[in-house]
Amino acid sequence: MSQTKQKTSIVNKFLNLIEKAGNRLPDPSILFFFLCAGLIFLSWFISLFNIKVENPGTGKTVEVTSLISREGFGKIISESITNFSEFPALGLVLAVMIGIGVAEKSGYFDKLMVQVVLKAPRKIIVPIIIFVGIIGNAAGDAAPVVLPPLTALVFIKLGYHPIAGLAMAYASALGAFAANLTLGMSDALVYAFTKPAAELIDKDINLNVAMNWYFIAASTIVLLPAIYYVSMKIVIPRLGTYHPNDDSNEDESNNEITTKERKALKFANISFLIVIGVLLALSIPENGWLRNSDTGSLIEKSPLMDGVGIVILVVFFVPGFVYGIVSGKIGNTKDLGKMLSDSMSTMGSFIVIVFFAAQLLAYLEWSNLGIVISVKGAELLQGQNGVVLIIGFIILSSIINLLIGSASAKWAILAPIFIPMFMLLGYHPAFTQMVYRIGDSITNPITPMMPYLPLLLSYAQKYDKNMKLGTLISSLMPYSIVLAIIWPIFMIIWYLLGIPFGPGGDIYFNK
């Protein structure tokens with residue numbers, strides 16, 4: 001048996017084990033229901049031991065209170081709807097999805113990616129594709145769905161193996177999921193669970209969606225050459241020369257841009273630049289309308305930061321709408337309404353998770369379990385420096401990512417524990433959130449729980465009928481390995497230099 005086959009076999013066995021374990025987990029919404037039920041029982045059990053800690057928020061001594069009581073039962077019944085409806089950032093996430101949904105459903109994101117890739121000069125086409133993949137995570141499903149097959153065709157023209165193109169595009173879009181030059185849905189999603197988790201410690205804490213922006217933008221610049229290196233030095237040489245089959249040609253019609261679509265893209269891009277220009281005009285002047293009217297700050301309690309959800313909505317909605325009008329995809333208000341409703345329909349699982357996550361957070365607060373776990377966990381971690389915490393939490397997040405595909409589901413579980421715990425250790429929620437996002441991203445290319453992976457396999461089988469999941473992931477594995485080295489090192493350097501992660505996103509938490 002060759003060394004390549006041996007490695008593939010080992011990868012296959014490992015991934016089969018992960019897939020089997022992951023498939024045994026219930027649906028995320030049902031998992032949260034069980035977590036809520038388990039927390040109610042846990043509150044009763046731990047209350048028997050009279051465990052007491054000092055609440056760092058109030059300075060008062062608190063103990064675990066059982067939710068299996070008349071008072072606890074009353075709260076569960078009477079306040080469940082309020083917990084859900086008042087969940088912080090729920091409205092923000094849904095509002096952002098309106099803008100992104102129109103840009104996606106109108107076809108603007110898809111054709112923009114195709115245009116950028118097809119127009120890129122041959123000498124820089126590979127780094128351009130990687131760049132589009134990295135920033136494409138702001139475009140919802142477009143990047144991992146549209147970019148891989150397009151890149152495979154480009155790679156054939158370049159003389160490379162198409163499966164190397166599939167792997168590179170997929171790894172760029174998902175492995176670098178927490179890197180981008182712009183804010184998007186992923187920033188809103190993690191913020192939705194970070195804010196209520198932080199409020200377990202400090203009710204008045206001031207957080208915003210952009211608090212990781214500096215770091216994710218810098219990560220884009222760092223990860224691009226890393227992914228390029230893996231592609232050119234490892235994956236492309238490993239796959240060798242491609243010998244096409246007669247029936248392996250892919251339909252290129254979806255990768256063509258008509259004259260009408262080209263015109264629509266032109267006007268949509270102009271409208272995007274106009275929106276950015278208006279935002280700059282309202283932000284840069286000292287008396288700009290998007291600044292704090294009292295202090296003139298763009299960060300502290302300013303319309304820009306407080307209304308960042310609406311800003312993101314407009315930035316994506318306007319070019320998407322213009323593209324739809326000019327291309328003919330939006331012929332009347334019914335077409336627009338359908339796009340809006342279709343985009344919202346994709347948020348169904350998120351809304352269900354939020355319902356149960358809201359109850360979970362409420363139960364942690366009512367029972368005082370959140371405070372107790374955070375204080376006790378912080379005591380155990382006391383004395384560990386930030387570097388150890390970064391490495392440890394990245395490893396934990398990346399392992400969990402192999403079992404649970406949904407990023408929002410994972411963070412909804414981890415945030416209520418680790419955000420307060422790290423705050424008690426003196427670290428700002430922006431720090432903890434960013435560490436999680438790195439761990440959540442680096443194993444994205446290889447997790448069998450990612451819903452895009454079966455689609456990628458179907459793409460690959462058009463070029464190799466015998467392609468199996470393990471063989472495909474053996475081409476994706478080098479990306480995860482290199483990202484797992486480069487990104488944490490960059491995070492540690494950033495931390496040691498003491499640079500804020502974004503506007504209002506400090507490293508340390510000082511109440």
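Visitor: Where does Y427 lie?

Guide: In this predicted model, Y427 sits in the loop between α18 (407-424) and α19 (429-442).

Visitor: Is Y427 buried or exposed?

Guide: Residues under 20% relative accessible area count as buried. Y427 has a relative accessible area of 6%, so Y427 is buried.

Visitor: Which residues does Y427 touch, leaving out those up to four places away in sequence?

Guide: Y427 touches Q384, N385, G386, L389, F422, Y495, I507, Y508 and F509. Take I507 as one case: Y427 and I507 are 80 residues apart in sequence, yet their C-alpha atoms are 5.9 Å apart in space.

Visitor: What polar contact does the side chain of Y427 make with another side chain?

Guide: The side chain of Y427 makes a polar contact with the side chain of Y495, at 3.4 Å. There is also a backbone partner to look at: a polar atom of the Y427 side chain lies 3.3 Å from the backbone nitrogen of G386.

Visitor: What describes a pair of aromatic rings?

Guide: Two values do: the distance of the centres and the angle of the planes.

Visitor: How many aromatic pairs does the structure hold?

Guide: The structure holds 34 aromatic pairs. In one of them, the rings of F41 and W44 have their centres 5.5 Å apart and their planes at 45°, so this pair is tilted. F41 and W44 both lie in helix α2, three residues apart, which is about one turn of the helix.

Visitor: What are the relative accessible areas of F41 and W44?

Guide: F41 has 47% and W44 has 33%. A value between the cut-offs of 20% and 50% counts as partly exposed, so F41 is partly exposed, and W44 is partly exposed as well. For a second ring pair, go back to Y427: F422 and Y427 form a tilted aromatic pair, 6.5 Å centre to centre with 55° between the planes. F422 counts as buried because its relative accessibility is 2%.

Visitor: Which cluster do ring pairs link Y427 into?

Guide: The cluster consists of F215, F393, F418, F422, Y427, F431, F490, W494, Y495, F501 and Y508. Among these, F422, Y495 and Y508 also appear in the list of residues that Y427 touches.

Visitor: And F41: which residues form a nonpolar patch on the surface with F41?

Guide: The patch is formed by F41, L42, W44, F45, L48, F49 and I68. Together they have about 680 Å² of accessible area. Helix α2, where F41 is placed, spans residues 28-47.

Conventions: Residues numbered from 1 in each chain as written. Predicted model: local features only at pLDDT ≥ 70, side-chain atom pairs only at ≥ 80, totals over all residues. Heavy atoms only, no water. Patch = residues over 30% accessible without salt bridge, like charges linked within 9 Å, V, L, I, M, F, W, Y side chains within 5 Å. Areas by Shrake-Rupley, 256 points an atom, 1.4 Å probe, with all protein chains shown as cover. Salt bridge = Lys/Arg side-chain N within 4 Å of Asp/Glu carboxyl O. Helix = DSSP H or I, 4+ residues; strand = E, 2+ residues; numbered from the N terminus. Buried < 20%, exposed > 50% of the residue type's maximum accessible area, 1.4 Å probe, protein only. Contact = heavy atoms within 4.5 Å. Polar contact = N/O pair within 3.5 Å; in protein donor to acceptor, adjacent residues only side chain to side chain. Phe/Tyr/Trp six-rings, centres within 6.5 Å; stacked < 30°, edge-to-face > 60°.
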